[in-house]
Amino acid sequence: MKEIAVARINDLQNGQMQQIEVENSQILLSKINDQYYATSAFCTHYGAPLAKGILCGERIVCPWHNACFNAIAGQYDDHNIELRFGQAVTEVDALNKKIIFADHFELEFDSLLLATGGLARKLDVPGSDLAHIFTIRQPEDADAILSTVKNAQKAVVIGSSFIGMEAAASLNQQGLDVTVVSPSKVPFEKILGERLGKMFQQVHESQGVKFKFETKAVEFIGNKQVDKVVLDDGTELAADLVILGVGVKPNTSYLKGIELNEQDHSIPVNNYLQTEINDIYAAGDIARFPYAPMNKSTRIEHWRLAAQQGRIAAANMLKHNQRQEVEQIVPFFWSGQYDLKLRYVGHVEEWDEIKIEGDLESAFLAYYLKNEQIMAVAGMNRDRDLAAISELMRLQQMPQAAAIKDTEINWLDMI
């Protein structure tokens, strides 16, 4: 085995990381308990430099999307896994522990993980079946949109949350005239609040995007393909294509013999992601799980959380000695629009106050406060601080809301 000298023993202190070039490749060197460890220098997701993240114990936290890596170990073992592609499941018989496929093949199971995600909602209005009206959920959806964009000039986006606003930015950057239609007063109103929503609105408007707030689409008009969008105030918007960003619904219609939430047909689970049937688990968009900081169950629609829940459910299905709980997960999401790169850690559905630290036009942290607790933090250009906050939330070591009201905290010093 070839040995290469990459550093002196005293180059790093415990808890420090450094990116180093070795034979035209980049590695990340970490020092933990007086021992050096080398791993890949970049996040496997979007290639973020992990040296700009944080090291908490053995955990390396990505500065962009808060993905976590083990600095010491961390290679996946091969398992006896059989894959079945191109075979649609039409029914899961929970009581008899059977999966029924479209070709009527039946597969019995001892334990089962349900992770079928969400279905993009459509509008039940006249003309909704016209061509060039798109939802965005699968890669094929994006391919169809990009094909249509080549011959389009005007686009209407229905919805002003993440799918809608990110689609608006993308279409605008491809030269289309874009109008966003939303029942809200500002973008992201229910998630980020009015001040941050207004900031995003102003950035989009500076790029030429137009908004129609506090209104809804009631009809699509066209001959085979959409030509106009009619709003509830009588306004007609010309459109060569329409993007629907009006949310998703849990994909659970195939389930038989299992309890579903009455309101949205999601699947209630416990802290181990078990359903009412102990050997059946659920994760991702379909799972309504107990979220301890809010002291109630909720659903969070983001693929990163779904991946985290999948790992917890899998470990519990394999009946490892120590069962894993969903409360160890700290929700995290991000959004990129033009030059804005927003990160958000934690989760809150209602808040008493939003405390903003910094400048919304350059770098800031926005603290979402409820019952004197810091429930969530959004920010831009404060990636390392957000990574540190994520770890403090995971360790349940966040300070009370009062601590940030009159002073700025050095979050890195708290790790």
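Helices, of at least four residues, and strands, of at least two, are taken as DSSP runs and numbered from the N terminus. On this basis, the protein chain of this predicted model holds seven helices and 30 strands.

The overall dimensions were examined next. The C-alpha atoms of the protein chain occupy a box of roughly 70 × 55 × 50 Å along the principal axes. The radius of gyration is 24 Å, which agrees with the value near 22 Å for a compact globule of 415 residues. Of these 415 residues, 46% are buried. Contacts were considered between residues at least 6 apart in sequence; 53% of them join residues at least 24 apart.

The surface and the charges were computed as well. The protein chain exposes about 22600 Å². Carbon and sulfur atoms supply 45% of that area. There are 39 positive and 56 negative side chains. The centres of the two sets lie 1 Å apart.

The interior contains a largest nonpolar core of 68 residues. Leu114, Leu171, Leu192, Leu196, Leu241 and Tyr368 have the most contacts inside this core. Helix H2, spanning residues 162-173, gives the most to the core, with six residues. Leu114 illustrates the packing. Leaving aside residues up to four places away in sequence, Leu114 touches Val92, Tyr254, Leu255, Ile258 and Ile267. Leu114 also touches Ile280, Tyr281, Ala282, Ala283 and Ile286. Another core, of 22 residues, lies apart from the largest one. Among its members are Phe332, Ile374, Leu392 and Ala401.

Definitions and conventions:
Residues numbered from 1 in each chain as written. Predicted model: local features only at pLDDT ≥ 70, side-chain atom pairs only at ≥ 80, totals over all residues. Heavy atoms only, no water. Rg over C-alpha atoms; globule rule 2.2 N^0.38 Å. Buried < 20%, exposed > 50% of the residue type's maximum accessible area, 1.4 Å probe, protein only. Contact = heavy atoms within 4.5 Å. Areas by Shrake-Rupley, 256 points an atom, 1.4 Å probe, with all protein chains shown as cover. Lys, Arg positive; Asp, Glu negative; His and termini not counted. Charge placed at Lys NZ, Arg CZ, Asp CG, Glu CD. Core = buried A, V, L, I, M, F, W, Y, C linked by side-chain atoms within 4.5 Å.
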